[in-house]
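Hello,

Here is the structure we talked about, sequence first. My notes follow below it.

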Amino acid sequence: MSKISAHLPSSITPFSVISQIARRIRIVPLVVLLISTVPAWFLTEAIAHKVVRAYTARVDLAIDRLPDENYETILTRGEAAARAAAQRSFDQDILVTDVSIIVSVQNYGSIAPVLTLEVTRPQWRSRPDAQSWATYFKTARSLLFFENNSNRVPAASGVSTPK
């Protein structure tokens, strides 16, 4: 009961032809991929916005009190120094978008910040005035011993000289 049948040639394409077609199919996308990357890169560079690297310039200024100078005069000198530092920071580097300046004063060994100046480049262009953008510290006057008698040297605390 076994049946013997003869195999007839089929209409299936031989493997060698399939492998040649497959090789061409693999090469065509590879060539298209390689050729299209350069124009795609140029297109994205032309359309995309450039990354701007901007930053804040930070400056710390220290001012020494001059003899017979009162607190208001020191504030005026501090504002002038802060104004010059802000202008210098914007002039030196075009990537600076913000400036942050702290002005400290030294008076007989005591050091305290008296003002900060924080300003952006557009604000500074519209009004280059240190007083407009400065923040003053109220307690600096007492920390620097500028009380009612502004020329008085603070007494040493609990230190006596031997006789």
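The mean pLDDT of the protein is 80. Of its residues, 73% reach 70 or more. Keep in mind that this is a predicted model. The weak stretch is residues 150-163, where pLDDT stays under 50. For those residues the model has nine contacts beyond four places in sequence.

Overall layout

The protein has five helices and four strands. Along the sequence they follow the pattern α-β-α-β-β-α-α-β-α. The chain has 163 residues, and 23% of them count as buried. The accessible surface comes to about 12700 Å². Carbon and sulfur atoms hold 61% of that surface. Now take the contacts with a separation of 6 or more: residues 24 or more positions apart account for 57% of them.

Strands

Start with β2 (96-107). β2 pairs with strand β3 (residues 110-120) in the antiparallel sense, over ten bridges. One pair to look at is Val105, whose bridge partner in β3 is Ala112. The two strands form a hairpin with two residues between them. Tyr108 sits in that turn. Its phi is near 50°, a positive value in a residue other than glycine. Tyr108 is partly exposed, because its relative accessible area is 47% and that class runs from 20% to 50%.

β3 also pairs with strand β4 (residues 134-136). This pairing is antiparallel too and has three bridges. Here Leu117 has Ala134 in β4 as its bridge partner.

Which residues does Ser100 contact, leaving aside neighbours within four places in sequence? Ser100 is in strand β2. Its contacts are Thr56, Ala57, Arg58, Val59, Leu117 and Glu118. Ser100 has a relative accessible area of 10%, so it is buried.

Just ahead of that strand comes Leu95, in the loop between α2 (71-92) and β2. Leu95 touches Arg53, Ala54 and Tyr55, not counting residues up to four places away in sequence. Take Ala54: it is 41 residues from Leu95 in sequence, yet the C-alpha atoms are 4.9 Å apart in space. Leu95 is partly exposed, with a relative accessible area of 38%.

Salt bridges

How many salt bridges does the structure hold? It holds two. Side chains of opposite charge can pair when their charged atoms come close.

In one, the side chains of Arg77 and Glu69 meet at 2.9 Å, N to O. Is Glu69 buried or exposed? Its relative accessible area is 5%, so Glu69 is buried. Arg77 counts as partly exposed, at 29% relative accessibility.

In the other, the side chains of Glu72 and Arg141 meet at 2.7 Å, N to O. Glu72 lies in helix α2 and Arg141 in helix α5 (residues 140-143), so this pair ties together parts that are 69 residues apart in sequence. Both ends are partly exposed: Glu72 has a relative accessible area of 40%, and Arg141 has 33%.

After α5

Phe145 is in the segment after α5. Like Tyr108, Phe145 has a positive phi in a residue other than glycine. For Phe145, phi is near 65°. Phe145 has a relative accessible area of 35%, so it counts as partly exposed.

Surface patch

One more item, from the helix α1 side of the chain. Leu30, Leu33 and Leu34 form a nonpolar patch on the surface. Together they have about 310 Å² of accessible area. Leu34 lies in helix α1 (residues 15-47). Why does Leu34 count as exposed? Its relative accessibility is 57%, and exposed means over 50%.

When you open the model, these are the places to go to. See the β2 and β3 hairpin, with Tyr108 in the turn. See Glu72 and Arg141 for the salt bridge between α2 and α5. See Leu30, Leu33 and Leu34 for the nonpolar patch. Treat residues 150-163 apart, as their pLDDT stays under 50.

Best wishes

How values were computed:
Residues numbered from 1 in each chain as written. Heavy atoms only, no water. Patch = residues over 30% accessible without salt bridge, like charges linked within 9 Å, V, L, I, M, F, W, Y side chains within 5 Å. Areas by Shrake-Rupley, 256 points an atom, 1.4 Å probe, with all protein chains shown as cover. Salt bridge = Lys/Arg side-chain N within 4 Å of Asp/Glu carboxyl O. Buried < 20%, exposed > 50% of the residue type's maximum accessible area, 1.4 Å probe, protein only. pLDDT = per-residue confidence, 0-100. Contact = heavy atoms within 4.5 Å. Pairing = 2+ DSSP bridges.
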